[in-house]
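Colleague: Mind if we go through the open and closed spaces in this one together?

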Amino acid sequence: MSKLLLVDDDLELNQLLSTYLTQEGFEVTAVMDGASAVKEASLHEYALIVLDVMMPGMNGIEALSRIRMNSSVPVLMLTARGDDIDRIMGLEMGADDYVPKPCLPRELVARIRAILRRTAPAGNVASHEPLHIGSLSLWPEKRLATWQGQAVELTSTEFSLLLVLAQQAGKVVSKNDLSELGIGRPLTRYDRSIDVHMSSIRHKLGNLPDGRSCIQTVRGVGYQLIRD
């Protein structure tokens, strides 16, 4: 049974989602403010955190920033519908994905399960073999990445997206394919989540010997991991 931390200051919604998620087979701990979320995340291990952005006091963005100081636990943000700024800020701070509010509980469950599937230990033999592309090495079963032998701290979604590119190194991968394979959902219109995640991955990885980023943008198409 996967343990979830649910964080939302709306008491009625908090109770509704907590009950629904429990009925769906999750073990849920529910809190109503950012400070409590940070404390819970530091004291206990969770498979995933569902974190509302708009909360009084410490909001979800600040709570996420503090959680990311010590943990790479997957985080699914609840954002106001149409609020692109909160979505982009959340992704830049290390959120794995977002769901706009109001949302159907079954949509939230689908997103949670998509993230948990990506972060679950791989079961096939081939996945135990590391991938080496130039200075980049990936261990899919451990979800570990190194660049020139140094560990790279990636969120679960960043690792999944980088793995998709690595498995097709040298080829251009469309944004929609990256979203489907790396995030587990189709890319929606005006959705910049792939671009934000790629910007973060580039920042964490080093450059090629010629100074170029190892991840190249192919305008109007997608992204390509360069074989150096």
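Modeller: Sure, and keep in mind that this is a predicted model. The lining of the largest pocket splits by class into 9 nonpolar, 5 polar and 3 charged residues.

Colleague: How many residues line the largest pocket?

Modeller: Let's start with its volume, about 370 Å³. Nearest the centre of the largest pocket you'll find Ser72, Lys142, Arg143, Leu154 and Ser156. Those five are part of the full lining, and its count is 17 residues.

Colleague: Which element gives the most to the lining of the largest pocket?

Modeller: Two elements each supply at least two residues: helix H6 (156-167) and strand S8 (144-147). The one that gives the most supplies 3 residues, and that's S8.

Colleague: And the closed spaces: how much space lies in the largest cavity?

Modeller: With a cut-off of 30 Å³ or more, the count comes to 1 cavity. Its lining includes Trp147, Cys214 and Asp228, and by class it has 7 nonpolar, 2 polar and 1 charged residues. The space inside the largest cavity is about 40 Å³.

Colleague: Now Glu40: which side chain of opposite charge is nearest, and how far away is it?

Modeller: Glu40 sits in helix H2 (residues 34-43). Leaving out residues up to four places away in sequence, Glu40 touches Leu5, Thr29, Val31 and Tyr46. Glu40 is buried but has no salt bridge. A salt bridge needs the charged atoms within 4 Å, and the nearest side chain of opposite charge is Lys3, at 7.2 Å.

Technical notes
Residues numbered from 1 in each chain as written. Predicted model: local features only at pLDDT ≥ 70, side-chain atom pairs only at ≥ 80, totals over all residues. Heavy atoms only, no water. 1 Å grid on protein atoms, 1.4 Å probe; cavity = no way out; pocket = protein on both sides within 12 Å on 5 of 7 lines; lining within 4 Å. Points joined across faces, edges and corners; volume = space filled by probe spheres on them. Nonpolar A, V, L, I, M, F, W, Y, C, P; charged D, E, K, R; others polar. Helix = DSSP H or I, 4+ residues; strand = E, 2+ residues; numbered from the N terminus. Buried < 20%, exposed > 50% of the residue type's maximum accessible area, 1.4 Å probe, protein only. Lys, Arg positive; Asp, Glu negative; His and termini not counted. Contact = heavy atoms within 4.5 Å.
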